[in-house]
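Subject: Structure handover

Dear colleague,

Here is the structure you were waiting for, with my notes below it. Please look at the model first and then read on.

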Amino acid sequence: MLQIEDLYVEVAGRPLLKNVSLTVEKGETTILFGPNGAGKSALLSTIMGFSNYKITSGKIYFKGKDITEAPINERAKMGIGIMSQRPPNIAGVKLRDLLEIETHKNLLNLEEMARSIDMERFLERDINVGFSGGEIKRSELLQLSVQRPDFYLLDEPESGVDPVNMAQVGNMIRKLICNKKACTSHDPERKASLVITHTGEILDYLDADKAYILCNGTVMCSGNPNRLLKEIKTQGYDECIRCKMNLTQIQ
Ligand SMILES: Nc1ncnc2c1ncn2[C@@H]1O[C@H](COP(=O)(O)OP(=O)(O)OP(=O)(O)O)[C@@H](O)[C@H]1O
């Protein structure tokens, strides 16, 4: 579904991502680990097509099409959706105005969808203005549930979310990705996703297939998500650097 080949990206004139190659197959839940400042959010922003991130070489393919040069709206139309870590405040635009563009088109019941994630009272507020960390996450999820993309980019869905709301956020993400009781790996009914996490809390809600570790703007390791998380928690990111040196995978 998503294929990234030898990608190099600059931001503000500075090289940030280098030699990044990864794939997310149809129905696959893929995790992206990495230390602060490694370039994880930059990678998601580049896949979404945000203009600050300049691709200097390499390719991005989505559903078999080369989208390396495609504008953000085309990528969204093709089925890519993002939950950003820090989405912008949009003063003067109510959350309802944004969501109704889609709900009118697709005859969705916005009120009901907002109620299901306790966001009804936010519909008349300017997008993200004064929203708490947890409210921003729920607002992003509501936008995704209206957009209904085929491929989800989720940037630290658990950050800023308290333990009670985490269950709501985690279950909502599970429902968006797999709209039935249980989905198995590579289930054709499951939506594909690339999910950044530090704590791994979201793994309690998603049956993740594989993970990559990004360090200093480059992919160091790939392997089983729970195994890699355990390595990171016990040994930090040293093991992933060793793994790169040995060109092996942790399975
Ligand atoms: N628009 C920008 N202008 C300048 N520098 C940027 C910009 N976007 C990202 N960077 C820099 O690129 C580096 C990688 O940032 P990024 O947000 O991708 O890291 P991350 O791996 O997601 O980190 P974290 O886990 O802390 O969220 C950082 O040093 C950041 O300051």
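Two residues are taken to be in contact if their C-beta atoms, placed from the backbone, lie within 7 Å. Keep in mind that this is a predicted model.

With that meaning of contact, helix H1 (residues 40-48) lies across S3, S6, S9, S10 and strand S11 (210-215). The direction of H1 is at about 150 degrees to that of S9. Helix H5 also packs on the sheet, where H5 touches S6 and S9. Relative to S6, the direction of H5 makes an angle of about 170 degrees.

The sheet itself is open and has 6 strands, in the order S6-S9-S10-S3-S11-S12, with mixed pairing. Strands S6 (80-83) and S12 (218-223) each have a single partner strand, so they stand at the edges and one side of each has no neighbour in the sheet. On average, neighbouring strands are turned by 20 degrees against each other, direction ignored. Within the sheet, S3 and S10 pair in the parallel sense over 4 bridges. Threonine 30 has leucine 194 in S10 as its bridge partner.

Then there is helix H6, which covers residues 163-177. Its 15 residues reach 21 Å from the first C-alpha to the last, close to the 21 Å expected at 1.5 Å a residue. Which residues of H6 are buried? They are Val169, Met172, Ile173, Arg174, Leu176 and Ile177. The cover over these buried residues includes strand S3 (29-33), helix H5 (133-147), strand S9 (151-155) and strand S10 (192-196).

Regards

Methods. Residues are numbered from 1 along each chain as its sequence is written. This is a predicted model: local features need pLDDT of at least 70, side-chain atom pairs count only at pLDDT 80 or more; totals for chains, interfaces and linings use all residues. Helices (H or I, at least four residues) and strands (E, at least two) are DSSP runs, numbered from the N terminus. The expected span of a helix is 1.5 Å times one less than its number of residues. A residue is buried if 20 or more other C-beta atoms lie within 10 Å of its own, exposed if 12 or fewer, and partly exposed in between; C-beta atoms are placed from the backbone. Two strands pair if DSSP finds at least two bridges between them. Axes are lines fitted to C-alpha atoms, for helices over the stretch in contact, and angles run from 0 to 180 degrees between N-to-C directions.
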